[in-house]
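Dear colleague,

I am passing on the structure we spoke about, and it is placed just below so that you can have it open while you read. My notes on packing and on charged pairs follow after it.

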Amino acid sequence: MQIEWKTCLKIGITGTILFLIYHYWDAWSKLLHIAWKAAFPLLLGCVFAYVLNILMSFFETKLFSKEMGPRVMKLRRPVCILLAFASIIFILFLVVQMVIPELISCLQLLFSRLPGAFEQGAAWLEENFEITSMLQNQAVTLPGSEAEWQELLGKLAGTLVSGAGNIMGIAVDVISSAVSKTVNVAVAAVFSIYLLAGKEKIGEQIGKLMGVYLPRRISGGIGYVLQVLDSSFHHFIVGQCVEAVILGLLCVAGMLLLRLPYAAMLGSLVGVTALIPVAGAYIGGAVGFFMIFTVDPIKAVFFLIFLVALQQLEGNLIYPRVVGSSIGLPGIWVLAAVTVGGGVAGVGGMLLGVPVTATVYQLLKNDVQKKTLPKSKKSD
């Protein structure tokens with residue numbers, strides 16, 4: 001059996017490319033890092049556009065109908081984009097407005113109590129360990145000559161100057177990082193508006209490019225995979241939001257029954273942080289524990305126990321059923337996806353693990369059903 005020259009050429013080109021990638025991996029990694037940094041605002045804009053498209057499509061369906069006049073229909077897309085942005089901003093503003101003032105008051109209360117706590121701690125140490133007498137027995141040597149004092153003051157001045165320089169450097173880094181992130185978010189928001197405004201035209205252009213430069217079988221397969229992926233992510237985001245609302249309401253109800261402070265505020269915070277699958281509620285729980293601790297440490301312990309129990313109920317019963325049913329993925333695979341995704345890529349892995357697993361599950365399910373159908377049904 002002779003091997004065709006085209007096959008040999010493909011093997012040679014593939015081997016050469018793999019060798020070049022392996023040999024110049026450092027250069028390739030630097031190039032990829034530069035490309036990622038440059039394209040990050042645009043990729044972030046794609047994420048913004050995908051999430052906002054769910055709200056925009058909802059507003060377009062519910063607020064506008066085909067019977068409306070052409071002038072009104074021209075305003076449909078800009079109005080719905082504005083409503084989608086306004087909805088996200090309003091929710092974030094509401095949560096921040098509820099949490100930040102209470103958190104600041106708790107910090108002020110904590111700092112006001114610190115001096116008394118230090119005095120009580122010092123009194124307890126003196127009563128039990130006689131710290132003052134122990135310190136008095138220690139021999140403290142001070143510089144004797146003028147030269148020793150000058151050396152000590154010189155070291156102290158050098159330490160202060162280096163410390164001030166480090167603080168200035170840290171401040172400059174923090175400010176530049178904040179400005180860079182703000183610019184990235186602004187560029188991403190503007191890019192997402194362009195994507196939302198012309199999503200049909202962009203989709204049509206991508207379809208034409210794939211049809212021209214790719215075989216029909218490959219372009220059809222890519223379109224099918226993207227369709228399943230879009231469906232999984234869409235239902236995952238909707239299910240995640242529904243689950244977060246349920247968890248927030250259960251947290252408020254439980255805290256009211258237990259007569260714990262900050263029930264409405266902490267319930268909202270736990271609901272928002274629950275958008276991070278399974279582990280997100282613990283982030284809000286840490287803030288809630290700190291805030292309740294400034295009022296009553298015993299109630300803070302009760303809150304922590306209650307939240308752990310609620311999180312177990314949510315993670316093993318509510319979340320797999322709500323999110324799993326919305327994306328068509330059994331509960332056991334939801335838990336497996338969150339666990340593996342979190343272990344591999346942290347919070348990002350938790351967010352992406354479930355919809356990616358649902359996509360693979362749906363593709364395998366459809367392929368198995370297609371290959372196991374009887375021949376008579378395939379012919380039909």
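I292 touches M255, P261, Y262, L266, P297, K299, A300 and F303, if one leaves aside residues up to four places away in sequence. Please keep in mind throughout that this is a predicted model.

Several of these residues turn up again in the largest nonpolar core, which has 20 residues and in which C251, M255, L266, I292, F303 and L310 touch the most other members. At least two residues of this core come from each of α4 (76-129), α8 (216-257), α9 (263-273), α10 (280-293) and α11 (297-327). There is also a second, separate core, made of 11 residues, with A49, L52, F59 and A84 among them. As general background, nonpolar side chains in soluble globular proteins tend to be buried together.

Turning to the charged side chains, I found three salt bridges in the structure. In one of them, the side chains of E60 and R77 meet at 2.5 Å, N to O. Because E60 lies in helix α2 (residues 25-63) and R77 in helix α4, this pair ties together parts that are 17 residues apart in sequence. Both E60 and R77 are buried, and for R77 the relative accessible area is 13%, under the 20% limit that the term requires.

R77 also meets E200 through their side chains, in a salt bridge of 2.9 Å, N to O. Here the parts tied together are 123 residues apart in sequence, because R77 lies in helix α4 whereas E200 lies in helix α7 (residues 199-213). E200 counts as partly exposed, at 45% relative accessibility, whereas R77 is buried.

The remaining salt bridge joins the side chains of E204 and K208, at 3.7 Å, N to O. These two residues are four apart in helix α7, so about one helical turn separates E204 from K208. E204 is partly exposed, with a relative accessible area of 49%, while K208, at 54% relative accessibility, counts as exposed; the cut-off between these two classes is 50%.

Which residues do the salt bridges that share partners join into one network? They are E60, R77 and E200, with R77 taking part in the bridge to E60 and in the bridge to E200.

When you look at the model yourself, I would suggest starting from I292 and its contacts, and then moving on to R77 and its pairing with E60 and E200.

With best wishes

Definitions and conventions:
Residues numbered from 1 in each chain as written. Predicted model: local features only at pLDDT ≥ 70, side-chain atom pairs only at ≥ 80, totals over all residues. Heavy atoms only, no water. Core = buried A, V, L, I, M, F, W, Y, C linked by side-chain atoms within 4.5 Å. Buried < 20%, exposed > 50% of the residue type's maximum accessible area, 1.4 Å probe, protein only. Contact = heavy atoms within 4.5 Å. Salt bridge = Lys/Arg side-chain N within 4 Å of Asp/Glu carboxyl O.
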